[in-house]
Structure formats: structure tokens, C-alpha cells
Amino acid sequence: MIRGPVLPQQRETLWPLVAGRLDVIERGLVLVFEGLDCAGGQLGLVDGLARDAGGAPVLVLLAIDGDALLSARVLAAVEFLDRLGDSLANALPEAGLCPGSPGRVVVVGTDVLGATLERIRRLGLKGVQVCRLEPFRIAGTERFAVCWLADAHGGSADGRPEFCVPADQQPVWRLLQEVSSRIDPAVRVDGDRYLRRISWRGRTLGEIRLVDGCLVGADEDGASHALISVRHAHAFGDRLLRAFARQSGLAIEHAAMTDAERAPVRDPATRLAAGSRSGTPRGGESLRSTLAAAQLSPEEYSALGGLASAAGGEAEGAVTADDVVRIVAAQEGSWPAERSG
């Protein structure tokens with residue numbers, strides 16, 4: 001029987017692999033120091049002190065087979081962070097830690113240490129997160145996936161840490177979530193503590209990152225956009241919709257409509273009233289269904305800034321991603337409505 005790749009179980013060989021790939025475990029996690037003593041030499045060393053994307057200290061401990069002091073060392077690490085608090089940022093100015101950011105302990109183990117990791121998780125210590133590395137080989141290269149174990153404090157149901165968004169950025173994040181959920185039922189938002197990836201059927205539409213306490217969006221081409229206010233969130237939402245339109249082929253679908261499907265409604269106001277539109281969609285309705293229901297006449301399409309010929313003939317009827325945004329906006333009004341604050 002041929003077994004897949006196995007990560008080393010000795011600290012001397014496993015730690016270099018983990019230390020060099022902390023960004024795979026959590027986006028923005030950077031190693032600052034190695035070998036931190038939290039217990040006066042009685043319990044062994046914490047493997048590493050790292051800084052996360054929010055500037056908070058993260059103590060990284062490896063779970064190694066036969067380590068009888070692991071649980072005690074985890075508890076000592078938690079107490080160490082509680083005792084020092086903001087003093088750690090002043091004591092280690094070169095670490096660039098942000099005062100006021102609560103520290104965490106991350107325990108990292110391999111797939112053969114499931115029982116050990118489960119014992120740590122069951123301790124229920126606040127500020128302790130546990131992850132398991134699952135190795136695999138692809139295209140002749142060994143990689144590992146990160147599986148988070150559910151914890152009782154600050155984690156989601158599947159164990160993945162919640163997205164840490166500052167209070168003043170919550171309105172922006174809520175709007176981005178609403179926009180993403182309305183694009184299509186197959187759109188997913190997932191990631192880690194400081195990153196959320198927005199994808200459709202595995203294809204990335206964009207990413208939202210937390211950088212120095214501010215949300216930053218990256219579109220499908222990798223270009224960055226500061227998301228400071230709801231106005232910026234609306235603009236980034238348009239980018240997500242355009243990316244979805246390009247990747248899902250909505251432009252082709254709309255261009256391929258029959259003449260009967262394009263039958264114009266003479267009065268746009270009547271159309272909106274008949275559709276019960278008031279700037280927000282009906283429950284459960286996505287932007288895909290909104291576009292599918294859109295039946296703009298050549299005159300209406302031209303009024304939106306498009307060529308009249310593009311709305312009426314298949315030969316010239318290729319609808320661009322920008323057209324999709326115009327059509328949706330015309331059918332629904334501003335999507336979603338801006339909120340104050």
C-alpha cells in the first residue's frame with residue numbers, strides 16, 4: 001500500500017517547514033522571534049512569536065508526538081499574554097505590535113496527532129486556536145492544507161476563525177456581504193481571520209483583506225482598492241458584478257435572447273411598477289435573475305449609455321460587463337440602497 005506524503009514529527013525538522021509558511025496558515029502572519037520562554041525554563045519554549053495582520057502578538061506552538069508538557073505550555077502561553085497585555089508591544093518595539101490588540105495562541109499539529117490536538121481544543125481556553133496540517137502531493141510538489149478545529153471562542157461552526165473587522169468598518173463589510181450574496185446563490189465568501197475570498201464556482205471574483213485596521217479589496221486582476229466608506233464598497237461591488245458577468249457568460253446569455261424575449265415594455269415606469277421594484281430585490285432574488293428578467297428596448301438601452309443596435313440584434317448584440325451593471329441598476333435602482341453611518 002502506498003501512503004501519501006507525511007510531515008516530519010520531530011520539532012527540529014517540522015518547525016522550519018511551518019515557520020517558513022505561516023502565511024499559508026493565516027494570511028499576514030509573520031514570524032518575529034523564535035524560542036520564547038513563558039514559564040521560567042520549567043516547561044520548554046514556545047516555538048515562535050509572530051505578528052498577525054492586525055498587529056496582534058501570536059504565540060505559535062508545535063504539537064509533537066510524545067510531548068507531555070504541551071498542555072501546560074499552552075496554558076503558560078495564555079497566562080503570559082494575559083499578564084503582559086499591552087506591555088509586550090513596549091518591551092519588543094522591533095516586533096511592530098499594535099497596543100490594544102489582544103494576543104492569541106495558535107497550536108499547530110499534523111494529521112497523525114488528531115487525539116493530541118483534540119485534547120488541546122477541549123481545554124476551552126480563550127484565545128487558543130488549533131489547526132491540523134494535512135499534507136498531499138500534486139504535480140510532484142508536496143503541499144499541505146490547513147484544517148481548523150472548532151473552538152468555543154470566536155470561531156465559526158466549522159472551526160475557521162471569524163473575519164476580524166474593526167467596529168468602524170462594520171458598515172462597509174456588511175454592505176460587501178450583502179452585495180456578494182445578491183450576485184448569485186453560488187457565490188461563496190470564505191477565508192481566514194484577515195482575508196475573505198469571494199468566488200463563484202471556484203473562480204475568484206475578488207478578495208477583501210484587513211490591512212493595518214482598514215479593509216482593502218483586490219479585484220480579479222489583483223488591483224487593490226481602499227474600502228474606506230460605503231461609497232467605496234458600492235464601487236467595489238460593481239467590480240465584483242462585472243467579474244461575475246465576465247466569468248459566468250451573462251453577456252453571451254443576454255445577447256442570445258430571442259426577439260420575443262427582448263420584446264420592449266413601452267413605459268419604463270410601468271415596468272418598474274409591475275416588477276414591484278423599489279430599489280431592493282424581492283426575497284431570494286439574485287442579480288442573475290434580475291438580468292435574466294431585464295427586457296430593455298433599444299431606446300431604453302441607448303438612454304443608459306449603450307448603443308441602440310446592441311439591444312436589438314444578435315450580430316451586434318454582445319453585451320459587456322459594464323452593460324450588465326447598467327441593466328441591473330436600471331431595473332433595481334442603486335443596489336443595495338446606501339445606508340447612513
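This talk walks through one protein chain, from its overall make-up to its two sheets and a few single residues.

What you have in front of you is a predicted model, and I will keep to what can be read from its atoms. The protein chain comes to 13 helices and eleven strands. Of its 341 residues, 44% count as buried, and its accessible surface amounts to about 16,800 Å², with 53% of that belonging to carbon and sulfur atoms. If we take the contacts between residues at least 6 apart in sequence, 57% of them join residues at least 24 apart.

Let me turn to the sheets. As general background, the strands of a sheet pair through backbone hydrogen bonds, and they do so either parallel or antiparallel.

One sheet here is open and has six strands, in the order β1-β2-β3-β4-β5-β6, with mixed pairing. Its edge strands are β1 and β6, the latter covering residues 141-149, and each of these pairs on one side only. From one strand to the next, the twist averages 30°. Within this sheet, β3 (residues 57-62) and β4 (residues 104-110) pair in the parallel sense over five bridges, and L61 has V107 in β4 as its bridge partner. Helix α1, residues 11-19, packs on the sheet and touches β1, β2, β3, β4 and β5, with its direction making about 145° with that of β3.

Helix α3 also lies across β1, β2, β3, β4 and β5, and runs at about 170° to β3. How far apart are the end C-alpha atoms of α3, and does that distance agree or disagree with what its 15 residues should span? At 1.5 Å a residue, the helix, residues 70-84, should span 21 Å, and its end C-alpha atoms are indeed 21 Å apart, so the two agree. The buried residues of α3 are L70, R73, V74, A76, A77, V78, F80 and L81, and just after the helix G85 takes a positive phi of about 55°.

V107 comes up again when we look at Q129, a residue of strand β5, which covers residues 128-138. The C-alpha atoms of Q129 and V107 are separated by 6.3 Å, although the two residues are 22 apart along the chain. Is Q129 buried or exposed? Its relative accessibility is 5%, and because buried means under 20%, Q129 counts as buried.

The other sheet I want to show is also open, with five strands in the order β7-β8-β9-β10-β11 and antiparallel pairing. Its edge strands are β7 (187-192) and β11 (224-226), each pairing on one side only, and neighbouring strands are turned by 25° against each other on average, direction ignored. Strand β9, residues 203-211, pairs with β10, residues 214-219, in the antiparallel sense over six bridges, and I208 stands opposite G217 in β10. Helix α7, residues 230-248, packs on this sheet, where it touches β8, β9, β10 and β11, and its direction makes about 155° with that of β9. Helix α6, residues 170-183, lies across β7, β8, β9 and β10, and runs at about 140° to β7.

I will finish with E26, which lies in the loop between α2 (22-25) and β1 (30-36). Which residues does E26 touch, leaving aside those up to four places away in sequence? They are D52, R104, D192, R193 and Y194. With a relative accessible area of 2%, E26 is buried.

Definitions and conventions. Residues numbered from 1 in each chain as written. Predicted model: local features only at pLDDT ≥ 70, side-chain atom pairs only at ≥ 80, totals over all residues. Heavy atoms only, no water. Helix = DSSP H or I, 4+ residues; strand = E, 2+ residues; numbered from the N terminus. Buried < 20%, exposed > 50% of the residue type's maximum accessible area, 1.4 Å probe, protein only. Contact = heavy atoms within 4.5 Å. Expected span 1.5 Å × (residues − 1). Pairing = 2+ DSSP bridges. Axes fitted to C-alpha atoms, helices over the stretch in contact; angles between N-to-C directions. Areas by Shrake-Rupley, 256 points an atom, 1.4 Å probe, with all protein chains shown as cover.
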